[in-house]
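The following exercises are to be worked with the sequence and the coordinates at hand. Each task is followed by a solution in steps.

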Amino acid sequence: MSGLIEYGWVVVAAPCVVAVVIAAVGGWLGRALPAVASLGPATLVGVGAVYLAYARPGSEPSGSVAWLASQVPEGLSVGWRLDPLAAVMLLTVGVVSALVVVFSAAYMAHQPGLPRYYAAISLFTGSMAGLVVADSLLGIFMAWEVMGACSYLLIGFWFTRPRAARAAMKAFLVTRVGDVGMLTALALLWAELGTLDLDAVFAAAPDMAPPVATAAGLLLLAGAIGKSAQFPLHIWLPDAMEGPTPVSALIHAATMVAAGVFLITRTWPLFSASEVAMTVTMAVGGITAIGAALSALVQTDLKRVLAYSTVSQLGFMFCALGAGAWAAATFHLVTHAAFKALLFLGAGSVTHACASRDLREMGGLLRSMPVTGVTWIVGAAALAGVPPLAGFFSKDKVIHELASVSTLWTGVLFAAAFVTALYASRTTRLLLFGPYRGSATPHEGPLSMWVPLGVLGCLAAGAGALGPWLVETIGGHASALDVGIAVIATAVAAAGITAGWFVAGRERAAMGEEPVAETGRERVRRFVAGG
């Protein structure tokens, strides 16, 4: 077991080797293609689990290789290091990636170009692993850019469709805007410190001149805003829905959009040196959380509802980061990976059965697709913050940490939580209840689609109980549940769910399915008229 930890670099090498093998001989692998593609994510899960189970406290195995030694007088190196934060992220990325591959075995079975699809997913997984275990800003940036290239390939997988091709290009270009900021931050730190090694940068951070610290923090924030689709660089993410739905689950739950939150968490000693950068982060997160939630409320495309939901939930994480609660942000990142991957794969199961993403063409699916329906309800309830599901604990942890820093943004997040529960309830009623409005014949997919939904449903239901352990493991402070905030948050979720149910009822009435319920004034008028 200890040998697996000592060679932790295999979390990057294994997925990349798998990607090369699939690209080279994938056409001859046939039905074994998904099994081969799952080897990369399995490596991440294995290394992350073994580290958390067997590593000694304080043990951080690492390694590095020299790079550009002859061109740069001081030399540069690219290396890796395993620590508890990296191990937790490897588990998160590995589990979601593995389940996406399993789900894809049926969902993508009859699509052309499958070697290209699985090779890109494997490389995507490897690049996220590289970001997680990198021991320098140089290594982080290299993995960051490979991830951007993979997102282009996967969003534009159906490149013959003009909308998919445009969406891939839009995602690539918009995220590059943030990447320029991140690259500029690296240049600034190199000019100021002569190193990009994380430990050296962190050691020098307290002594940096305030303007330099602020500039570095804001430039890193620009990179995070681009990758995590925060305002004003959020515009690429809804269009990214043109990619295959399992890809959406991977991008939105565990890889690309999580990278921005992880970047700030990993560089926290540097980022926290600037009060300005933290304040701006909080404002960006708050604006994004409420703005994207309101956008999700008015969507009729099922995947675009979930896309805006992802943007909004990442806003919660950015608010926590701005308040200094990086451990709470990581906790919410992990629970969000579970319930958002569940919802996206549930959406994939629905579109696979109904040949549509339009909520106006759905309804009644709980009867014809009970596995998808029940797991969807679990995911939507976790998203809405219903106790005792995972989203309840992590979202309340974020709001609890923020409450001691900013009353304004705490109020904004409560408002965003209300709207979140509202659109989750509205979408669920339009999707699962009432008569079916489509033209296809809804049916459950095969076992390879059920299993990921079941596993993620269990995680979305129970992962919140791991909160104290997770927070302490990564070096945060595990505080007791704030009963006052929990009561308010539960009431907000209940009010939002109730409002969303009635909003969906009005929409169904407008589609001619059922009469609009009479108001009290209408009943009085009918009584007076003798009706």
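Is Ala355 buried or exposed? Ala355 is exposed, with a relative accessible area of 70%; exposed means over 50% relative accessible area, buried under 20% and partly exposed in between, with a 1.4 Å probe and protein chains only. The model is predicted: local features need pLDDT of at least 70, side-chain atom pairs count only at pLDDT 80 or more, and totals for chains, interfaces and linings use all residues. Residues are numbered from 1 along each chain as its sequence is written, and side-chain values use heavy atoms, with hydrogens and water left out.

**Exercise 1. Describe the backbone and the location of Ala355, then do likewise for Ala229.**

Step 1. Ala355 is not a glycine, yet its phi is positive, near 55 degrees.
Step 2. Ala355 belongs to the loop between H17 and helix H18 (365-368); helices (H or I, at least four residues) are DSSP runs, numbered from the N terminus.
Step 3. Ala229, also not a glycine, has a positive phi of about 55 degrees. It sits in the loop between H10 and H11.
Step 4. Ala229 counts as buried because its relative accessibility is 0%, whereas Ala355 is exposed at 70%.

**Exercise 2. Characterise helix H10 and the chain that follows.**

Step 1. H10 covers residues 210-227, 18 residues in total. From first C-alpha to last it reaches 26 Å, close to the 26 Å expected at 1.5 Å a residue; the expected span is 1.5 Å times one less than the number of residues.
Step 2. Buried residues of H10 include Val212, Leu220, Leu221, Ile225 and Lys227.
Step 3. After H10 comes Ala229 with its positive phi.
Step 4. The loop between H10 and helix H11 (236-239) also holds Pro232. The peptide bond from Phe231 to Pro232 is cis, with omega near 5 degrees.

**Exercise 3. Locate the cis bond between Pro387 and Pro388, and analyse the packing of H20 on H21.**

Step 1. Pro387 and Pro388 are joined by a cis peptide bond with omega about 5 degrees. Pro388 lies in the loop between helix H19 (370-384) and H20.
Step 2. Two packed helices are described by the angle between their axes and the distance between the axes.
Step 3. The axes of H20 (residues 390-403) and H21 (residues 407-432) come within 9 Å and cross at roughly 160 degrees. Axes are lines fitted to C-alpha atoms, for helices over the stretch in contact, and angles run from 0 to 180 degrees between N-to-C directions.
Step 4. H20 is therefore roughly antiparallel to H21, a term for angles over 145 degrees.
Step 5. Residues making the contact (heavy atoms within 4.5 Å) include Val398, Ile399 and Leu402 of H20 and Trp409, Leu413 and Phe414 of H21.

**Exercise 4. Determine the surroundings of Thr335 and of Ala168.**

Step 1. Thr335 is part of helix H17 (residues 326-354). It is buried, with a relative accessible area of 0%.
Step 2. The Thr335 side chain reaches the backbone oxygen of His332 at 3.2 Å.
Step 3. Apart from neighbours within four places in sequence, Thr335 is in contact with Ala390 and Ser394.
Step 4. Ala168, in helix H8 (residues 162-193), is buried, with a relative accessible area of 2%.
Step 5. With neighbours within four places in sequence set aside, Ala168 is in contact with Tyr152, Ile155 and Gly156. The C-alpha atoms of Ala168 and Met241 are separated by 9.8 Å, although the two residues are 73 residues apart along the chain.

Notes:
Helices (H or I, at least four residues) and strands (E, at least two) are DSSP runs, numbered from the N terminus. A polar contact is a pair of N or O atoms within 3.5 Å; within protein, one must be able to donate a hydrogen and the other to accept it, and residues adjacent in sequence count only if both atoms are side-chain atoms. Angles under 35 degrees count as roughly parallel, over 145 as roughly antiparallel, 65 to 115 as roughly perpendicular and the rest as oblique.
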